[in-house]
Structure formats: structure tokens, C-alpha cells
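Trainee: I'd like to go through this one with you and ask how each label is earned. Can you pull it up?

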Amino acid sequence: MSPDRVPEDTQDSAGTASGRAYDSLASRYDSLLLDNPVLAHSANVSLGLVKKTMASCKLLLEIGCGTGRETLELARQGKTIVACDPSKDSLAVLQQKARHRGLSERILTRNLTASTVARLVDEFGRHAFDGAFASFSLSYESDLAAVPGQVWNLLKPGAPFLCSIFNRICMSEIVLLAPLLVPRRALRRLEGWTELPVDRHSVVVRSYTPGQVRRIFTPRFSLCGVWAIPAIIPPHYLHLLVRLSGPLRPSWEEFDRRLNHRWPFQYLGSHTCYQFRATE
């Protein structure tokens, strides 16, 4: 099997598989996020980048909203968000939270994957959105190359697009796991795809190098910034190491924030966050 090839039976059903997996997790996802210190740190870093990048935008497209951590924050700031996700149960949780917080009028949910957002053109028109973001969701797509054109068609010229994508090389993963004689887990993402356990399910996640991502998004988008999420903190499944750091954890997280946009750390994290701008 070639490095970038995934099993054929997983390619066409990627959106359905991830939606079904997160359906089973939707009611517990928020508590899991709080319980895992790496997921919590990554979510906070992502939220900060999204808020900063979308500060001047009014109508936003969100791809892979999940249960709405970022959606609700942006709606609270007065923005209108069209929040898309393949998990119907996650969207139901988001709708319930939006009603509870009085934000329902600012959040429009749609049961769509990244590769099907083109359907929104019929509803909102071409180049209608001021900005778009996809936090940790695009790596579930079987064909990332199908996404840029659809997103570009929905964005106004010059509008920002922020996305976090599973990185091909994670230095902390390699450094921490290789000495423990489990190089397969540490190097698995180098093959271009891996299976991620989600509750009782398993979904395929694809990894990309920064060079691959840039080529896929050119010429529809120009690259404006790159961050690692996280940079020097290990991936979420190694969260026990972060817990064991005890009182050193806040300093570790702060150091991670200081390094996540600096070379070479920005290219060596578990996920890489790319800030693009739609070309005119």
C-alpha cells in the first residue's frame, strides 16, 4: 500500500463514518474535552486563533462545528454562523446550548461535511461569507483537494479561512514514543493516514505535510500564517504525561503558546493551523 493510500472501502464513506462516530460521542464530548488536558489546551489555542482571525467578520461559515465550543463564543460576540457538521447528534447538542443561551437566531446548523458545503451556494449565493474556519475537521475528508474550491466559492474575495489539519510529522510524538519501543504508534501518521478511535467506532484521519497543504490550497488561497496545535505538548492520547507534570503544566502550556508560531516548531505539532486568504 502506498504511503498516501487508504483502504478503498473507507474513502467514499468518510463523512458518514465520522458523523456516525461523533453521534455516539455527542452527549459526552464536552466533558471529555474538559477531562483531557491536551484537548482542553488545544481547544483554547484554537479558539483564540479563530476569534482573532474572524474579529472583523459578521457572517461566518464553520466546517465541523461539533457541539459548538467555538460557534457559541463567536455568536456571543454578535456574529452569525452557519455551522456545518456530519454528526446530527452533535448539531442537536449545539442547538440545545444555543437555545439555552439565547443565541439561536445567530446560529444556523446544517448537516454537511467539508466536501459537500457547495450545497450552501443555492441557499446563500456565491461569495456570501465574510470568513470561514474548520477546526480539526478537514483531516476526516477522503479528498482534501475537493474542499478549497467549494470554500472559495462561498467566501468574499480577500476573506480569511482558518483550518487545523492533522500534521504528517509530530516531533513530540516521535521523541516520547520511540524510546518506549512503540515506534509504530509514533510513526504511523508518516504513512499519510491512521485510524482514530472515537468512542466505539474507528475513523480514518489523513495527515499532510505543510507543503502538501499549500499546494492543495493554491491558487484559490494565499497563505498568511502557520501555528502548531500543540507545538511541544504531546498528542491527546498521551495526556497522562501532561497530568503528571503537575504544577509545571501552566508553564508548559505557556511555553507551547510562545513557540507554536515560531520556526521550526510551527511545522512539527500534532496539528497545523493554517491561516489563508481567498484570492480575488
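Mentor: Here are some questions and answers on this predicted model.

Trainee: How much confidence does the predictor give the protein, and where is the pLDDT below 50?

Mentor: The average pLDDT is 89, with 88% of the residues scoring at least 70. Residues 1–12 are the stretch below 50, though they still make 18 contacts in the model beyond near neighbours in sequence. Where pLDDT is low, the predicted coordinates should not be read in detail.

Trainee: Why is Gly-64 called partly exposed?

Mentor: Its relative accessibility is 21%. Buried means under 20% and exposed means over 50%, so a value in between is partly exposed. Gly-64 sits in the loop between β1 (59–63) and α5 (69–76).

Trainee: What makes Cys-84 a contact of Gly-64?

Mentor: A contact needs heavy atoms within 4.5 Å. Gly-64 is in contact with Cys-84, and also with Asp-85, Ser-135 and Ser-137, leaving aside neighbours within four places in sequence.

Trainee: What makes β3 and β8 the edge strands?

Mentor: Each pairs on one side only. The open sheet runs β3-β2-β1-β4-β5-β9-β8, with mixed pairing.

Trainee: How do you know that β2 and β3 pair?

Mentor: The call takes at least two bridges, and β2 (residues 80–84) and β3 have four, in the parallel sense. Val-82, for one, has Leu-108 in β3 as its bridge partner.

Trainee: Which strands does helix α6 touch?

Mentor: α6 (residues 88–100) packs on the sheet against β2 and β3, and its direction makes about 165° with that of β3.

Conventions. Residues numbered from 1 in each chain as written. Predicted model: local features only at pLDDT ≥ 70, side-chain atom pairs only at ≥ 80, totals over all residues. Heavy atoms only, no water. pLDDT = per-residue confidence, 0-100. Helix = DSSP H or I, 4+ residues; strand = E, 2+ residues; numbered from the N terminus. Buried < 20%, exposed > 50% of the residue type's maximum accessible area, 1.4 Å probe, protein only. Axes fitted to C-alpha atoms, helices over the stretch in contact; angles between N-to-C directions.
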